[in-house]
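Here are some exercises to work through with the model open beside you. Try each task on your own before you read its solution.

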Amino acid sequence: MTERVIVVGNGVAGHSCASRLAELGTKVTMIGPGLPHDRPPLSKRALATGRLPMLSDAERLIAKGVDHLDGTVTDVDLPNRRLTVAQTGGGEPLVIDAPRLVWATGLRYPKPPVPGLDHLGHENATGDGMLALHQQIREPGKRVVVIGAGLIGTETAATLGQNHAVTLLDMVDRPLARFLTPVTDGALKILNELGVPFHGECRIDGVERDGDQLVVQTSTHGSIPCDVVVSAAGFRSSLPPELVEDPRALAMPCDSTLRVEGHENLWAAGDCLTFPHPRWGRIGIPHWDHAHWSGRHVAESIHGSTLAYVRDPYFFSDIAHLRIQQVGFAPAATSWGEESGLHVGRDADGAVACVLFMNAPARLKEARELLAAA
Amino acid sequence: MSVRLIVDADGCIGSGECVAEDPQAIEIDDSGCARVLIGAMDEARAQHLCDVCPVGALTIEH
């Protein structure tokens, strides 16, 4: 197994894949801007300390046998298996051969098209964004408006709410609206405890500068003066058009070994794939756990394994001191009930499809066993 | 042999895998980071916790 593998992406999935390939003795080059780091950098400690959650450093990458090309892929010539890479440090773009290619670039988190937000708003979904935001909130007592109450926005609001006067806005009526009711209830309770007002069903018209402050203009909640605006609404595909015909597609369909369907020697890892789960059908899992394990699985597949990827969805989140964990596939649950302190979702046949639990990290194993028994 | 388990707070991502395995030995604190609850433990027990951590944020100190 001497032919080099090119891994595009240096987040959790790309780093996990490249590391495992190197462990297995395969030559591997990982392409991504900067040293590998978690993204979105959701760790509360990252935002509190201003230190990126790094996955490795240059010395450790060398020790592992992972070559790191610090740059960004700007062109994909799939028929000829060539990539054009803009180097972070400048210089001429590099053209490299990629006979065996792993795509692991995750999702993008662009700012929504609200007038003024693009140049006046910060974001907490990329490493550079998190570092720039941290510079603005180093002194306590800032007035911060967070736009978007999904996972990134709610975690950010709860973290900043411990030292700043934070307001959380969203166009929907509840924070974490796409999650189960106990999660949204728990998040609302935490936000209330922190003194973070949540303005739901908010229509944001624009962000303006007014002297030395900013103003978020809304047609539902008036003008909200603040010092810092954080955009945390929505996500988009990071896939180039050479890999997907539909620009709205978030992920590439893969087979059970995580090889991209219809392509030889092309695999995907992390957020940018869907796979045929033996129980849930074709799904994607945009979370850390899947990024890590799918990256390792791709490495094993490249090394000749034909084992199917069967990892059950698992996500965890910390909204201040509220720890949320969920295993299983919530959309498959047709009924929910509390069983011995766990929120258990069952499918139409009565089998456990999903288990949600909060502030009970010791029960992860038990939750997985319940799911496995089904 | 008794050893100490050390958490790399910058490396821990709070996946909770360690707590799921041995909640008497380790917990998740309010910042979402693993925290060791006992000063010394059997080396095999500590090694198991190191093995289940997906990011290698746990190490053994002899």
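The exercises below deal with a predicted model.

**Exercise 1. Strand 13 and its neighbours**

Task: Find which strands pair with strand 13 of chain A, and in which sense they run.

Solution:
- Step 1. Begin with strand 12 (residues 204-210) of chain A, which is joined to strand 13 by 6 bridges, with the two strands running antiparallel. One bridge pairs Asp210(A) with Gln213(A).
- Step 2. Look at the turn of this hairpin: 2 residues lie between the strands, and Gly211(A) there has a positive phi of about 65°.
- Step 3. Move on to strand 14 (residues 223-226) of chain A, which runs antiparallel to strand 13 and is joined to it by 4 bridges. Here Gln217(A) has Ser223(A) as its bridge partner.
- Step 4. This second hairpin has 4 residues between its strands, and Gly222(A) takes a positive phi near 70°.
- Step 5. Finally, ask how enclosed the strand is. In strand 13 (residues 213-218), 5 of the 6 residues are buried, so the rest of the structure largely encloses it.

**Exercise 2. A parallel sheet**

Task: Work out the strand order of the open sheet of 5 strands in chain A, and name its edge strands.

Solution:
- Step 1. Recall that strands of a sheet pair through backbone hydrogen bonds, either parallel or antiparallel.
- Step 2. Read across the sheet: the order is 8-15-9-10-11, with parallel pairing.
- Step 3. Strand 8 (122-123) and strand 11 (198-199) of chain A each pair on one side only, and these are the edges.
- Step 4. Check one pair inside the sheet. Strand 9 (residues 143-147) and strand 15 (residues 228-231) of chain A share 4 bridges in the parallel sense, and Val145(A) is partnered with Val229(A).

**Exercise 3. The nonpolar cores**

Task: Locate the largest nonpolar core and say which residues have the most contacts inside it.

Solution:
- Step 1. In soluble globular proteins, nonpolar side chains tend to be buried together.
- Step 2. The largest core here has 68 residues, and Leu83(A), Leu101(A), Val102(A) and Trp103(A) have the most contacts inside it. Helix 1 (residues 12-23) of chain A gives the most to this core, with 6 residues.
- Step 3. Domain 1 (5-108 + 236-302) and domain 3 (321-373) of chain A each supply at least three residues to this core.
- Step 4. Zoom in on Val102(A): beyond its neighbours within four places in sequence, its contacts include Val5(A), Cys17(A), Trp267(A) and Ile302(A).
- Step 5. Apart from the largest core lies another, of 20 residues, among them Leu133(A) and Val196(A).

**Exercise 4. Cysteines without a bond**

Task: Explain why Cys17(A) is too far from the closest cysteine sulfur for a bond.

Solution:
- Step 1. A disulfide is a covalent bond between the sulfur atoms of two cysteines.
- Step 2. The structure holds 0 disulfides over all chains.
- Step 3. The closest cysteine sulfur to that of Cys17(A) is in Cys272(A), 11 Å away, which is too far for a bond.
- Step 4. Cys254(A) is in no disulfide either, with the sulfur of Cys272(A) 8.0 Å away.
- Step 5. Cys17(A) counts as buried, at 0% relative accessibility. Cys254(A) is buried too, with a relative accessible area of 0%.

**Exercise 5. The faces of a helix**

Task: Decide which residues of helix 9 of chain A are buried, and what they pack against.

Solution:
- Step 1. In helix 9 (residues 364-373), the buried residues are Leu364(A), Ala367(A) and Leu371(A).
- Step 2. Seen down the helix axis, they fall within an arc of 65°, so they line one face.
- Step 3. The face turned away from the buried side carries the exposed residues Ala372(A) and Ala373(A).
- Step 4. The buried residues pack against strand 21 (314-319), strand 22 (322-328) and strand 25 (352-358) of chain A, together with helix 1 (17-21) of chain B.

Technical notes:
Residues are numbered from 1 along each chain as its sequence is written. Chains are lettered from A and ligands numbered from 1 in the order in which they are written. This is a predicted model: local features need pLDDT of at least 70, side-chain atom pairs count only at pLDDT 80 or more; totals for chains, interfaces and linings use all residues. Side-chain values use heavy atoms; hydrogens and water are left out. Buried means under 20% relative accessible area, exposed over 50%, partly exposed in between (1.4 Å probe, protein chains only). Two strands pair if DSSP finds at least two bridges between them. A nonpolar core is a set of buried Ala, Val, Leu, Ile, Met, Phe, Trp, Tyr and Cys residues joined through side-chain atoms within 4.5 Å. Domain bounds come from an automatic or database domain assignment. Contact means heavy atoms within 4.5 Å. A disulfide is a pair of cysteine sulfur atoms within 2.5 Å. The arc is that of the directions from the helix axis to the C-beta atoms.
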